[in-house]
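Visitor: I would like to go through this model one question at a time. Please start with the pockets and then move on to the overall fold.

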Amino acid sequence: MRESVGTMDLGLEGKSALVCAASRGLGRACAEALAREGVSVTITARTGEELERTASEISTATGQLVTPAVGDITTEEGRAAALAACSDPDILVNNAGGPPAGEFREWGRDEWVAACDANMITPILLIRSVIDPMIERRFGRIINITSYAVKKPLPGLGLSNGARAGLTGFSAGLARETVRHNVTINNMLPGPFDTDRLRSNVEALARRKGISFQQEMQSRFDGNPSGRIGDPAEFGATCAFLASAHAGYISGQNFVLDGGEAMTTL
């Protein structure tokens, strides 16, 4: 008879987490994975009805408390609402919708400021709000959802390439200061996952190329060594491990989840 294999206890029972932009996609996948490990999760998003539905669905699926905090996390008011609902998280998952695709000659100062505000400054301000209590407790896990574009810059996504690289540089320095206190900071760099964000990017690139959505989507499958795109649940499981008690010796790292698509040795 085949011996059964037990599950790994990630040591997260009773912890709390703030997961940003989590009504759908990769943020939701992270929130659900953490809730399955016994974490009390607060999720944020701009759309109240969708966010409340997501919170209810995750709570029903996991049996854990999931609190919705409605607001745009890229604004001062949205961050205040999130921190009011989860003022002292053990785990922070930074996430925000990426800036639009386009041609860099079309972007002015306003577009660059918006991209940097959402994908660099907002995560840094949230880190500043939670880092010291984490250090005092000698436990903290900060995970920034960025993009594999940090290692493989993508044509047409210059706003994202630039802003996310800035957050990566900031996090790399701070992570070396906090890890001695069992507070880690790591980045998750998703490649193509089956999300609304991916589909909107595919649609935009297909228009620019003058081809169909299906043709551009098929090129994602054909161009990936795995022959597929990622399942958000895979991403969520990795997030839960990086947040776990077993990941205290991992800090300042960039984890590319892309099926091997980024052609790099580092």
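Guide: This is a predicted model. A good place to begin is the second largest pocket, whose lining has eight nonpolar residues, three charged ones and no polar ones.

Visitor: Which helices each supply at least two residues of that lining?

Guide: The lining of the second largest pocket includes Ala29, Glu32, Ala33 and Arg36, and also Ala233, Ala237 and Ala240. Helix 8 covers 232–242, and helix 1 covers 25–36. The helices that each supply at least two lining residues are therefore, with helices taken as DSSP runs, helix 1 and helix 8.

Visitor: What is the volume of the second largest pocket, and what is that of the largest?

Guide: The second largest pocket has a volume of about 230 Å³. For the largest pocket the value is about 1,200 Å³.

Visitor: Which residues are closest to the centre of the largest pocket?

Guide: The largest pocket is lined by 47 residues. By class they are 18 nonpolar, 16 polar and 13 charged. Closest to the centre are Ala96, Gly97, Gly98, Arg197 and Leu198.

Visitor: Which element gives the largest share of the lining of the largest pocket?

Guide: Elements that each supply at least two residues are helix 1, strand 2 (40–45), helix 5 (158–178), helix 6 (196–209) and helix 7 (213–222). The largest share is seven residues, and it comes from helix 6.

Visitor: How many Å does helix 5 reach from its first C-alpha to its last?

Guide: Helix 5 has 21 residues, and at 1.5 Å a residue the expected span is 30 Å. The computed span is close to that, at 31 Å.

Visitor: Which elements do the buried residues of helix 5 pack against?

Guide: The buried residues of helix 5 include Leu159, Ala163, Leu167, Leu174 and Ala175, and also Arg164. They pack against one helix segment, 109–137, and the strand segments 140–145, 183–190 and 254–257. By name, these are helix 4, strand 5, strand 6 and strand 7.

Visitor: What radius of gyration does the protein have?

Guide: The protein is made up of eight helices and seven strands, and its C-alpha trace spans about 60 × 50 × 40 Å along the principal axes. Because there are 266 residues, a compact globule would have a radius near 18 Å. The protein agrees with this, at 18 Å.

Visitor: What percentage of contacts with a separation of 6 or more joins residues 24 or more positions apart?

Guide: Buried residues make up 48% of the protein. Among contacts with a separation of 6 or more, the share from residues 24 or more positions apart is 74%.

Definitions and conventions:
Residues are numbered from 1 along each chain as its sequence is written. This is a predicted model: local features need pLDDT of at least 70, side-chain atom pairs count only at pLDDT 80 or more; totals for chains, interfaces and linings use all residues. Side-chain values use heavy atoms; hydrogens and water are left out. On a 1 Å grid over the protein atoms alone, a cavity is a set of points where a 1.4 Å probe fits but cannot get out, and a pocket is an open set with protein on both sides within 12 Å along at least five of seven lines; lining residues have an atom within 4 Å of a point. Grid points are joined across faces, edges and corners, and a volume is the space filled by probe spheres set on the points. Helices (H or I, at least four residues) and strands (E, at least two) are DSSP runs, numbered from the N terminus. Ala, Val, Leu, Ile, Met, Phe, Trp, Tyr, Cys and Pro count as nonpolar, Asp, Glu, Lys and Arg as charged, and the others, Gly among them, as polar. The expected span of a helix is 1.5 Å times one less than its number of residues. Buried means under 20% relative accessible area, exposed over 50%, partly exposed in between (1.4 Å probe, protein chains only). Contact means heavy atoms within 4.5 Å. The radius of gyration is taken over C-alpha atoms; the globule rule is 2.2 Å times the number of residues to the power 0.38.
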